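Visitor: Could you walk me through this structure, one question at a time?
Guide: Gladly! Let's look at it together.

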Amino acid sequence: MSFRIVRLAWMAALLVVAGAQSAAAQTAEAVIAASAKAMGIEGLNSIKMWGSGASFQVGQNNNAEGPWPRTNLNDFNRWIDFTQPATRTSAVTWAVPVTGGAAAQGAFNQFASPANTAWGQHLEIWTTPWGFLKGAQANGATLATETFDGTDYKVLTWSPPQKSPSGEPYKVVGYIGDDNLVHWVETWVEAPILGDLHVGTEFSNYRDLGGLKFPSTIIQSRAGSPTFEVQLLGVQANPADLADRLVAPPPPPAFGPPPGGTPQAASEQLAPGVWRIRGAYNALAVEFSDYVVLFEPGPQNEDRARAIIAETKRVIPGKPIRYGVISHHHFDHTSGLPAVVAEGITIVTPEVNKAFFERAFSAPRTLAPDAIGQSGKQAVIEGFPGDKRVFEDATRRFEIHVIQGLPHADGLVIGYLPKERILVYADMFNLPPADNPVPNPPVFGTQVFLANIERLGLQPERIMSIHSLNPDRLTSVGDIKASLGR
Ligand SMILES: [Zn+2]
């Protein structure tokens with residue numbers, strides 16, 4: 001059984017196993033020295049490794065309980081300088097576009113340097129087997145023992161010099177086997193939605209290169225699901241090209257709004273009591289006689305969620321925002337939800353997403369307390385059964401429908417106001433930018449979107465996208481049909 005699976009089973013059962021007793025005869029220093037000797041890291045200041053791997057994107061799975069989606073990494077190369085410390089990873093990706101057709105080449109880059117010591121990047125240095133031992137040597141590791149799957153491991157724990165945003169030290173824990181090799185290293189890092197995120201890396205199928213040991217299989221997981229794996233074809237100690245390679249990669253293409261500054265929320269009245277709260281990600285505020293419903297209350301980040309809530313209160317004063325309906329579970333649409341929870345708003349989503357968010361929002365968030373950690377509020381998640389949830393009183397009807405047949409995300413919903421004939425949606429019909437105009441490619445999601453509008457017999461006049469279109473505007477069924485050549 002894999003170390004990761006065993007460890008996961010333990011975490012799931014919330015089993016705490018501690019055992020310093022049988023290690024009494026040994027000291028941490030002796031264990032580190034024996035492992036450093038077996039691993040052959042004496043004189044190792046830097047390393048280069050290469051092979052074939054994969055990266056998996058946290059928060060973009062097709063189902064909230066499913067594995068993170070995979071991208072293959074070709075021509076994988078990683079350099080690590082343990083002395084600066086710094087690391088650079090590069091790989092080539094090939095992906096078929098969502099529209100189908102020829103695969104397009106992309107780049108995978110990771111970089112960490114002394115200029116930015118964020119643990120999210122630097123853990124890639126210190127959760128390697130060699131980096132773990134060097135960190136243990138430098139940072140006063142402590143020793144315990146644990147038994148996994150019938151095998152005893154010497155367990156070393158240490159903290160790096162950098163502190164988390166809360167001031168809480170980060171923790172690195174490594175498991176040394178009878179062979180004195182490092183088999184598993186785990187740490188925790190702050191993350192949106194997931195709180196103190198567990199990062200576990202398993203090393204297996206060790207090889208020997210003139211005394212230097214390296215694992216030919218590395219599998220790293222976050223929240224128990226793989227986020228990186230590689231089959232190493234080789235390593236090189238103290239590579240000559242190190243200085244040339246440890247340079248910052250070109251910045252990735254912008255995704256979402258530019259960073260920095262407090263996101264502003266402006267608004268536009270679409271009908272009496274119906275407001276589009278504008279931004280890179282829009283929200284829709286719907287007024288009822290006693291309360292307000294927000295569609296997409298917490299996209300992007302907590303600042304954006306707070307801005308949406310404040311603007312909603314400004315345009316619809318004196319009524320509580322009682323419900324927040326999320327379009328789907330993807331993290332770019334939900335990373336602001338902790339601020340929504342702190343506001344006491346009930347999160348409404350199909351049943352398929354409920355258990356994930358309840359688990360995520362009740363997880364510890366000690367490293368960088370978010371609005372949930374700061375407020376102490378418990379998330380209230382309404383997971384509705386079936387494929388429909390209706391908000392209705394004497395003044396208004398707002399229908400939530402689950403989209404069927406969409407690969408993008410299970411439990412993706414649209415909102416529809418039958419009287420006002422306004423429809424709100426996410427991630428199914430994104431027009432190309434003005435400098436790359438129609439005809440649009442026949443995006444599968446657009447076909448599914450139109451099929452669902454027709455299946456449900458909806459007759460929207462104005463259709464609002466959560467992602468602002470370029471140029472920014474509302475669209476119509478006619479626009480959607482035209483983009484499909486109909
Ligand atoms: Zn999405």
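**A tour by question**

Guide: Ile193 sits in the loop between strand 8 and strand 9. Please keep in mind that this is a predicted model.

Visitor: Is Ile193 buried or exposed?
Guide: A residue counts as buried if 20 or more other C-beta atoms lie within 10 Å of its own. Ile193 has 24 C-beta neighbours inside 10 Å, so the verdict is buried.

Visitor: What is the phi of Ile193?
Guide: Most residues other than glycine have a negative phi. Ile193 is not a glycine, yet its phi is positive. The residue lies in the turn of the hairpin formed by strand 8 and strand 9, with three residues between the strands. Its phi is about 70°.

Visitor: Which residue in strand 9 is the bridge partner of Trp184?
Guide: Strand 8 and strand 9 (residues 195–209) pair in the antiparallel sense, over eight bridges. In strand 9, the partner of Trp184 is Glu202.

Visitor: Which residue in strand 8 stands opposite Gly174?
Guide: Strand 7 (residues 172–176) runs antiparallel to strand 8, and five bridges join the two. They form a hairpin with five residues between them, and Asn180 in its turn has a positive phi of about 65°. Opposite Gly174 in strand 8 stands Val185.

Visitor: How many residues of strand 8 are buried?
Guide: Strand 8 covers residues 182–191 and is largely enclosed by the rest of the structure. That follows because the buried count is 10 of the 10 residues.

Visitor: Which residues touch the most other members of the largest nonpolar core?
Guide: This core has 116 residues. Its largest share, six residues, comes from strand 8. Domain 1 (3–245) and domain 2 (278–483) both give residues to the core, so it lies between them. The residues that touch the most other members are Leu156, Ala285 and Val293.

Visitor: Which residues does Val293 touch, not counting residues up to four places away in sequence?
Guide: Contact here means C-beta atoms within 7 Å. With residues up to four places away in sequence left out, the list for Val293 is Val286, Phe288, Tyr323, Val325, Phe391 and Phe398.

Visitor: Which strands stand at the edges of the sheet of seven strands?
Guide: The seven strands form an open sheet with mixed pairing, in the order 12-13-14-15-16-17-18. Two of its strands have a single partner strand each, so one side of each is left without a neighbour in the sheet. They are strand 12 (266–271) and strand 18 (381–384).

Visitor: Which residue in strand 17 is the bridge partner of Val325?
Guide: Strand 16 (residues 321–325) and strand 17 (residues 346–350) run parallel and are joined by three bridges. In strand 17, Val325 has as its partner Val348.

Visitor: Is Arg421 exposed, partly exposed or buried?
Guide: Arg421 is found in the loop between strand 21 (413–417) and strand 22. Although not a glycine, Arg421 has a positive phi of about 55°. Exposed residues have 12 or fewer C-beta neighbours within 10 Å and buried ones 20 or more. Arg421 has 14 other C-beta atoms within 10 Å, so the answer is partly exposed.

Visitor: What is the omega of the cis peptide bond that joins Gln84 and Pro85?
Guide: Most peptide bonds are trans. Pro85 is found in the loop between strand 2 (70–81) and strand 3 (86–95). The cis bond joining Gln84 and Pro85 has an omega of about -5°.

Key: Residues are numbered from 1 along each chain as its sequence is written. This is a predicted model: local features need pLDDT of at least 70, side-chain atom pairs count only at pLDDT 80 or more; totals for chains, interfaces and linings use all residues. Helices (H or I, at least four residues) and strands (E, at least two) are DSSP runs, numbered from the N terminus. Two strands pair if DSSP finds at least two bridges between them. A nonpolar core is a set of buried Ala, Val, Leu, Ile, Met, Phe, Trp, Tyr and Cys residues joined through C-beta atoms within 7 Å. Domain bounds come from an automatic or database domain assignment. Two residues are in contact if their C-beta atoms, placed from the backbone, lie within 7 Å.
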